[in-house]
Amino acid sequence: MFRWKNSSQTEQEHNEAALREAKMKELKALIGQLSGRSSLYCSDACLKRYLEARNWNVGKAKKMLEETLKWRSTFKPEEIRWNEVSGEGETGKVYKAGFHDRHGRTVLILRPGLQNTKSLENQMKHLVYLIENAILNLPEDQEQMSWLIDFTDWSMSTSVPIKSARETINILQNHYPERLAVAFLYNPPRIFEAFWKIVKYFIDAKTFVKVKFVYPKNPESVELMSTFFDEENLPTEFGGKALLQYNYEEFSKQMNQDDVKTANFWGLGHSNSNQLHVSNGFSGAEIAPEPIQTHP
């Protein structure tokens with residue numbers, strides 16, 4: 001009985017794999033011949049993410065991907081450089097952490113209480129730049145990143161407008177599908193509930209399940225977070241033992257170094273000596289030296 005069941009499961013998995021491979025080929029054929037940056041972007045791993053995001057519905061995945069390619073052609077995320085968004089990064093309201101989660105994924109820390117500008121366009125440009133950078137620094141065996149959101153000093157007066165939150169969600173789930181592994185909202189104040197009741201309607205089902213609320217006095221949510229992060233690396237602001245440090249000057253140096261890798265990958269640099277190979281549906285950059293040191 002066990003052998004029959006095991007054989008049946010194996011056959012089913014094989015059939016599912018064959019079906020998905022066929023859908024990959026179908027999507028690739030529907031998209032047609034691509035060139036330049038679009039061909040770099042639309043790797044097999046990329047096509048798989050779009051299919052996953054649309055439950056392997058080829059027609060819906062095609063539409064989603066085409067909308068992303070159109071968005072990328074106008075927003076040009078691969079051309080954004082740190083010196084263009086550095087003003088947004090002065091307070092450390094969003095930045096790449098100096099540690100990874102237990103799966104080796106890049107971690108973005110968001111601190112909405114440190115919002116320092118008014119321009120929605122520049123805020124989105126800064127966020128997209130950091131998402132692209134997080135992807136650039138993913139290990140070769142990872143395609144997703146983790147988000148940690150710190151609500152220290154957050155209030156309705158300092159919160160991002162609903163329009164900003166909606167645009168953030170739109171960009172993440174529609175143009176970076178399956179790039180988010182998990183987003184932990186750590187200890188949000190009670191007043192955040194009113195904000196969340198509005199924002200959650202903009203989030204699709206696949207993204208919604210990745211959003212986790214963590215409260216220090218709730219053992220279950222704290223335990224869930226510990227399955228993703230080692231408390232020795234996790235900053236104290238998130239219940240860990242490490243000291244959270246954001247050094248704007250050091251972070252700027254790291255971003256300027258990564259800008260060279262980004263330019264090389266997209267064929268925008270003057271030197272090919274640092275040329276990156278395609279991996280993870282984006283780039284196979286080695287994990288860059290971490291500029292932010294944490295200490296237990």
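What follows is a chat about the nonpolar cores and salt bridges of a predicted model.

Q: Before we start, what kind of model is this, and how are residues numbered?
A: This is a predicted model, where local features need pLDDT of at least 70, side-chain atom pairs count only at pLDDT 80 or more, and totals for chains, interfaces and linings use all residues. Residues are numbered from 1 along each chain as its sequence is written, and side-chain values use heavy atoms, with hydrogens and water left out.

Q: Cool. Which residues touch the most other members in the largest nonpolar core?
A: Those are I109, I131, W147, L148, M225 and F229, in a core of 54 residues. By nonpolar core I mean a set of buried Ala, Val, Leu, Ile, Met, Phe, Trp, Tyr and Cys residues joined through side-chain atoms within 4.5 Å. Buried is under 20% relative accessible area, exposed is over 50%, and partly exposed is in between (1.4 Å probe, protein chains only).

Q: And which helix gives the largest share of this core?
A: Helix α6, residues 120-136, with eight residues. Helices here are DSSP runs of H or I, at least four residues, numbered from the N terminus.

Q: What is I109 in contact with, leaving aside neighbours within four places in sequence?
A: K93, V94, Y95, A97, F99, L148, F238 and L244. Contact is heavy atoms within 4.5 Å.

Q: What lies apart from the largest core?
A: Another core, of 18 residues, including I31, W56, A61 and M64.

Q: Switching topic: how many salt bridges does a search of the whole structure find?
A: The search finds 18, each being a side-chain nitrogen of Lys or Arg within 4 Å of a carboxyl oxygen of Asp or Glu.

Q: Where do R72 and E132 sit in the chain?
A: R72 is in helix α4 (residues 58-75) and E132 is in helix α6, so to speak distant parts of the chain, 60 residues apart. Their side chains meet in a salt bridge at 3.0 Å, N to O.

Q: Is R72 buried or exposed? And what about E132?
A: R72 counts as buried, at 6% relative accessibility. E132 is buried too, with a relative accessible area of 6%.

Q: Which residue does E88 pair with?
A: K93, with the closest N and O atoms 2.5 Å apart. E88 counts as buried at 6% relative accessibility, and K93 does at 5%.

Q: How about R190 and E193, buried or exposed?
A: R190 is exposed at 68%, while E193 is partly exposed at 39%. Their side chains form a salt bridge at 3.9 Å, N to O.

Q: Which residues are joined into one network?
A: R37, R72, E78, E79 and E132, through salt bridges that share partners.

Note on methods:
Helices (H or I, at least four residues) and strands (E, at least two) are DSSP runs, numbered from the N terminus.
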